[in-house]
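Please work through the exercises below with the sequence and the model side by side. Each one sets a task and then solves it step by step.

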Amino acid sequence: MARGTSRLDEAGVPTPRVDAEILAAHVLGESRSQLLLSDGFTEQALLEYVKVIEKRATGVPLQHITGSAPFRHIELSVGPGVFVPRPETELLADWGLAALAGHSRPVVVDLCSGSGAIALAVANERPDATVYAVERSPEALTWLRRNAAERADAGDPHITVVEGDVADESVLADLNGTVDLVLCNPPYVPRGTKVAVEVDHDPPQAVFGGEEGLDLIPAVIGTAARLLTSGGSFAVEHDETHGAEVPALLREDGRFAVVRLRYDLAQRARYTTAHKA
């Protein structure tokens, strides 16, 4: 693991020791906390460990190698074709769950759901909620359906997976005016932005949102306004450069009140919240 850590450090991996330990646990089929009690690598396991360390050193996401990604209190299956959920998005989910306080049997919609991270985290922590996850990418839908089935097998409530485009007014039209919470982590990175090497392994359509990164935001706002009940809550993640534009779009729509820009732990503009007027 020390040699693995050194190799990842040389390659510029941000958390070399953590990644080396996670990959060792993955190869050995143990939890990271059990490594100190392990008998160590067999010859075959060591060969596999060297292989996965090299993959990580070339920028392959850790989650693609292990096949899973943590999000709040759950683990999600991920791989090529689906956006790997990031820790920053947990802030969006956390705000949404707090907004549901006092609601009994709330209706929740996760737009641009991808792996289903937000929808499944809400279902895990609010088992009384009725949760819908909307996604248009066939590749992402495969992962979303897999994760929904795996979480249901683990004892979480079933969610409803909806194949559709957030810009299509027929999507979830039967829920118009009845939804308590809409959350969305859409593609929002401006085209041409230099991104981390790991992001190159995410599907481009799940990362980039056009020239300014705002191509999909108006449609997301419109769909949220259509779905939400009076007083319903809405939060959308966006690029840190959109701290003025996204709140302005919500105010210009005219159907929202209490529009507020929110920041991540590094004090970067991360998401904007509002309530249906």
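Four exercises follow, on cores, salt bridges, helix packing and a single proline.

The model is predicted, so local features need pLDDT of at least 70 and side-chain atom pairs count only at pLDDT 80 or more, while totals for chains, interfaces and linings use all residues. Residues are numbered from 1 along each chain as its sequence is written, and side-chain values use heavy atoms, with hydrogens and water left out.

**Exercise 1. Find which residues of the largest nonpolar core touch the most other members, and which elements supply the core.**

Step 1: A nonpolar core is a set of buried Ala, Val, Leu, Ile, Met, Phe, Trp, Tyr and Cys residues joined through side-chain atoms within 4.5 Å, where buried means under 20% relative accessible area, exposed means over 50% and partly exposed lies in between (1.4 Å probe, protein chains only).

Step 2: The largest such core has 30 residues, and those touching the most other members are V109, L172, V182, F234 and F256.

Step 3: Two or more residues each come from β3 (107-111), β4 (130-135), β6 (179-184), α8 (217-227), β7 (228-237), α9 (245-253) and β8 (256-263); these helices (H or I, at least four residues) and strands (E, at least two) are DSSP runs, numbered from the N terminus. The largest share, six residues, is that of α8.

Step 4: Beyond its neighbours within four places in sequence, F256 has contacts (heavy atoms within 4.5 Å) that include I221, F234, L250 and H275.

**Exercise 2. Locate the salt bridges of D165 and R268, and state whether each partner is buried or partly exposed.**

Step 1: A salt bridge needs a side-chain nitrogen of Lys or Arg within 4 Å of a carboxyl oxygen of Asp or Glu, and the structure holds 18 of them.

Step 2: D165 is paired with R136, with the closest N and O atoms 3.1 Å apart. Because D165 lies in the loop between β5 (160-163) and β6 and R136 in the loop between β4 and α7 (138-153), the pair ties together parts that are 29 residues apart in sequence. Both are partly exposed, D165 at 26% relative accessibility and R136 at 46%.

Step 3: R268 is paired with D264, the closest N and O atoms again being 3.1 Å apart. Here R268 is partly exposed at 35%, whereas D264 is buried at 5%. Salt bridges with shared partners join E237, D264, R268 and R270 into one network.

**Exercise 3. Describe how helix α1 (residues 2-10) packs on α3.**

Step 1: The two helices meet at an angle of about 20°, with their axes 9 Å apart; axes are lines fitted to C-alpha atoms over the stretch in contact, and angles run from 0 to 180 degrees between N-to-C directions.

Step 2: This makes α1 roughly parallel to α3, a label given to angles under 35 degrees.

Step 3: The residues that make the contact are G4, R7 and L8 of α1 together with Y49, I53, E54, R56 and A57 of α3.

**Exercise 4. Place P61 in the chain and decide whether it is buried or exposed.**

Step 1: P61 belongs to the loop between α3 and α4 (62-66).

Step 2: With a relative accessibility of 4%, P61 counts as buried.

Step 3: Leaving aside its neighbours within four places in sequence, P61 is in contact with R56, E198 and H201. The C-alpha atoms of P61 and W95, which are 34 residues apart along the chain, are separated by 27 Å.

How values were computed: Angles under 35 degrees count as roughly parallel, over 145 as roughly antiparallel, 65 to 115 as roughly perpendicular and the rest as oblique.
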